[in-house]
Each structure stands twice: as C-alpha cells, then as structure tokens.
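Thanks for making the time, everyone. I would like to walk through one structure with you this morning, starting from the overall layout and then working into the helix packing.

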Amino acid sequence: MSEREDENIIRSIQYLKKMGYRITPQRIAVMKALSKSKNHPSAEEIYKEVIEKFPKISIATIYNVLTVLKKENLIKTIRINDETNRYDYDLSVHAHFLCKECSRVYDVDIEEKIISDIIKGNILLKNSIIDGTEVIIKGICPKCKNKKDNNS
Ligand SMILES: [Zn+2]
Ligand SMILES: [Zn+2]
C-alpha cells in the first residue's frame, strides 16, 4: 500500500468514526479496494475484488459503503454514462480521459487555475454557485490506438 492510499483510508476511518459510523472490516475492505485501484472502479469491480476476502459480502454492502463515503465527501463519483458510476479516491483537482474502446478512465493533470479562469470568464458561472467541476476528455487511449493501428 502506498502512502497516499494509506492516508486516504486513515482519513476516511477517522472521519467516519467521528461522524458515528461503525467501521467494519468489510467497510475497510471496500475502501482498500477503491484506494488500490488506479482505474476508477465501478461498484461491480470493487465487489469482485472484495468478495475474494469476504465471500459473504453483498453488492448492496458495497453500494452502502460507497454511498456513505460519497455523502461525507471522502470520494468523488465520475459519471461516465447513464448506467455506471465510477469512484475516485483522489480528491485533488484533475481531469479524466475516458477511452471508449476499453472503458478505462485515466487521470489527467489540470491546473486549478484553468478551471477558475473558465468560471471567472463566464457571466453565467460567475454569478452562480459552483459546487463541483468535472472535466472528461473522451477518445481512444494509446494502448487501444496501437491495437487498432496494428489490425489495419
Ligand atoms: Zn483504451
Ligand atoms: Zn481520477
């Protein structure tokens, strides 16, 4: 486990305890699975990982933990399409690149200033309350692009 993953989980546990949530090994396992994954997993993917250690866990429990983490602003959700939410433990400002071939979601660095410049430069946004931003770039990742090139 890297330091960053560790930090995320410790921060979550401390905060949830303070808010009166019960911290179960199952809940911690969900946090670990999410923190470990670099690929912005869906609830299904987290479920597949956690069930290896907790064979009796249900998908409802996974959703339950994710809902709590989201409600307490400890994770971000990324809505890729209508069916699937992806979850992200990284709360720092960054954009996402979605590959439409393999459905991977990559992190893309973006300066916070760029986003605040967009908001500042737009009359509508400037006079609104902004409570979140999401930048998603879509296309075909290098891995899938290479595959395509080699096949043609
Ligand atoms: Zn791809
Ligand atoms: Zn991300």
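Reading from the N terminus, the elements of the protein run α-α-α-α-β-β-β-β-α-α-β-α, and that makes seven helices and five strands in the protein. Please keep in mind throughout that this is a predicted model, and that every value I quote is computed from it. The C-alpha atoms fill a box of roughly 50 × 45 × 30 Å, taken along the principal axes. Of the 152 residues, 17% count as buried. If we take the contacts with a separation of 6 or more, residues 24 or more positions apart account for 50% of them.

I will spend most of my time on helices 2, 3 and 4. As general background, two packed helices are described by the angle between their axes and the distance between the axes.

Let us begin with helix 2, residues 25-36, and helix 3, residues 43-50, which pack at an angle of about 115° with their axes 9 Å apart. Their crossing is right-handed. On the helix 2 side the contact is made by Ala29, Val30, Ala33 and Leu34, and on the helix 3 side by Ile46, Glu49 and Val50. When the residues of this contact are divided by class, we find six nonpolar, no polar and one charged.

Moving along the chain, helix 3 and helix 4 also pack at an angle of about 115°, with their axes 9 Å apart, and this crossing, too, is right-handed. Here helix 3 contributes Ala43, Ile46, Tyr47 and Val50, while helix 4 contributes Ile59, Ile62, Tyr63 and Leu66. By class, this contact of helix 3 with helix 4 has eight nonpolar, no polar and no charged residues.

Which residues of helix 3, then, are buried? They are Ala43, Ile46 and Val50, and, seen down the axis of helix 3, these buried residues fall within an arc of 60°, so they line one face of the helix. The general point behind such a pattern is that an α-helix has 3.6 residues a turn, so residues three or four places apart point the same way. As for what covers the buried residues of helix 3, the cover includes helix 2 and helix 4.

Helix 4 itself, residues 59-71, has 13 residues and reaches 18 Å from its first C-alpha to its last, close to the 18 Å expected at 1.5 Å a residue. Its buried residues are Ile62, Val65, Leu66 and Leu69. Why do I place these four on the same side of helix 4? Because they cover an arc of only 95° around the axis. On the other side of helix 4, by contrast, Ala60, Thr67 and Lys71 are exposed. Just after this helix, Asn73 takes a positive phi of about 60°.

Finally, a word about the connection that leads into helix 4, where Ser58 is found in the loop between helix 3 and helix 4. Is this serine buried or exposed? Ser58 is exposed, because it has 12 other C-beta atoms within 10 Å, and a residue counts as exposed at 12 or fewer. To place Ser58 against a later part of the chain, Ser58 and Glu134 are 76 residues apart in sequence and 30 Å apart in space, C-alpha to C-alpha.

That is where I will stop, and I am happy to go back to any of these helices on the screen.

Conventions:
Residues are numbered from 1 along each chain as its sequence is written. Chains are lettered from A and ligands numbered from 1 in the order in which they are written. This is a predicted model: local features need pLDDT of at least 70, side-chain atom pairs count only at pLDDT 80 or more; totals for chains, interfaces and linings use all residues. Axes are lines fitted to C-alpha atoms, for helices over the stretch in contact, and angles run from 0 to 180 degrees between N-to-C directions. Helices (H or I, at least four residues) and strands (E, at least two) are DSSP runs, numbered from the N terminus. A crossing is left-handed if the near helix is turned anticlockwise from the far one by less than a right angle, and right-handed if clockwise. Two residues are in contact if their C-beta atoms, placed from the backbone, lie within 7 Å. Ala, Val, Leu, Ile, Met, Phe, Trp, Tyr, Cys and Pro count as nonpolar, Asp, Glu, Lys and Arg as charged, and the others, Gly among them, as polar. The expected span of a helix is 1.5 Å times one less than its number of residues. A residue is buried if 20 or more other C-beta atoms lie within 10 Å of its own, exposed if 12 or fewer, and partly exposed in between; C-beta atoms are placed from the backbone. The arc is that of the directions from the helix axis to the C-beta atoms.
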